[in-house]
Each structure stands twice: as C-alpha cells, then as structure tokens.
Amino acid sequence: LPAGPITTATLPGIEHLTALQDLELSYCHLKPSCLLPMTTGLATLRLYNVTLQPPEQTQQGGALGVSQLLQVLARLSHLRGLHLVAIFGGWPQQL
C-alpha cells in the first residue's frame with residue numbers, strides 16, 4: 001500500500017493504466033486527478049470509504065478533490081457501472 005494518499009507520486013505508473021476497464025478503491029485517500037489518464041476505457045468505477053484530496057494536502061481541503069472527481073466522472077464516456085459509497089470531501093451544496 002502507498003504511504004499517504006493515492007497519487008502519481010505514491011503509486012508511480014498509475015497514469016499508464018490507460019486500458020484499465022474496472023477499478024475499485026476502498027478505505028484510502030485519493031487525489032482524483034491521478035485517475036484522469038484512465039478515463040478512456042474505464043467501464044466500472046467503485047469507490048468505497050474514500051477520502052478525496054485529504055485536507056492536510058491542500059488549503060481547500062476536500063473541495064479540490066471533489067472537483068477533480070467530478071472532472072473524472074465527466075470524462076468517463078464508456079462508464080456502465082458507478083458505485084460511490086461513503087465518499088468524503090468538501091461536497092458543494094448544489095451539484
């Protein structure tokens with residue numbers, strides 16, 4: 001397991017998984033921008049008990065992570081399954 005949040009620095013090479021079709025992450029801290037290269041073919045995304053962009057990593061806290069996750073989701077043109085359970089971050093009042 002990586003030390004700290006899942007990023008391109010803690011999991012080198014994650015950005016090269018462009019043919020990945022199914023991804024499940026659970027009980028971790030995640031910087032969603034590291035998922036952007038995977039959006040070309042990702043068909044299923046499952047996130048369980050994930051903290052987005054840990055507050056100690058940015059002045060904006062989880063809001064930046066939420067914004068990045070929404071950018072990732074907008075690019076998932078092949079997505080057929082989405083499971084988001086207990087996603088922690090600075091969610092806006094209106095989406």
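The largest nonpolar core in this predicted model has 19 residues, and L30 and L47 are those with the most contacts inside it. Three elements each supply at least two residues of this core: strand β1, residues 22-30, strand β2, residues 44-52, and helix α1.

Let me take L47 as an example. Which residues does L47 contact, leaving aside its neighbours within four places in sequence? They are L25, L30, L69, H83, L84, V85 and I87.

I turn next to helix α1, which spans residues 62-74 and includes Q68. The Q68 residue is buried, with a relative accessible area of 10%. Not counting residues up to four places away in sequence, Q68 touches K31, P32, S33 and Q53.

Now to the two strands and the charged pair. The structure holds 1 salt bridge. In this salt bridge the side chains of R46 and D22 meet, at 2.7 Å from N to O. Because R46 lies in strand β2 and D22 in strand β1, the pair ties together parts that are 24 residues apart in sequence. As for solvent, D22 is partly exposed, with a relative accessible area of 39%.

The cysteines deserve a separate comment. A disulfide is a covalent bond between the sulfur atoms of two cysteines. How many disulfides does the structure hold? The count is 0. Consider C28: its closest cysteine sulfur is that of C34, and the separation is 9.2 Å, so the two are too far apart for a bond. The cut-off for a disulfide is 2.5 Å between the sulfur atoms. Taking C34 as the starting point, the closest cysteine sulfur is in C28, again at 9.2 Å and too far for a bond. Are these residues buried or exposed? C28 counts as buried at 14% relative accessibility, and C34 is buried as well, with a relative accessible area of 3%.

Finally, I draw attention to the backbone at two positions. N49, a residue other than glycine, has a positive phi, near 50°. N49 is found in strand β2, and at 24% relative accessibility N49 counts as partly exposed. The second position is A86, which has a positive phi of about 55° although A86 is not a glycine. This residue is found in strand β3, residues 81-88. At 32% relative accessibility, A86 counts as partly exposed.

To return to strand β2, colleagues may wish to view R46, which lies in that strand, together with N49, which is found there too.

Methods
Residues are numbered from 1 along each chain as its sequence is written. This is a predicted model: local features need pLDDT of at least 70, side-chain atom pairs count only at pLDDT 80 or more; totals for chains, interfaces and linings use all residues. Side-chain values use heavy atoms; hydrogens and water are left out. Helices (H or I, at least four residues) and strands (E, at least two) are DSSP runs, numbered from the N terminus. Buried means under 20% relative accessible area, exposed over 50%, partly exposed in between (1.4 Å probe, protein chains only). Contact means heavy atoms within 4.5 Å. A nonpolar core is a set of buried Ala, Val, Leu, Ile, Met, Phe, Trp, Tyr and Cys residues joined through side-chain atoms within 4.5 Å. A salt bridge is a side-chain nitrogen of Lys or Arg within 4 Å of a carboxyl oxygen of Asp or Glu.
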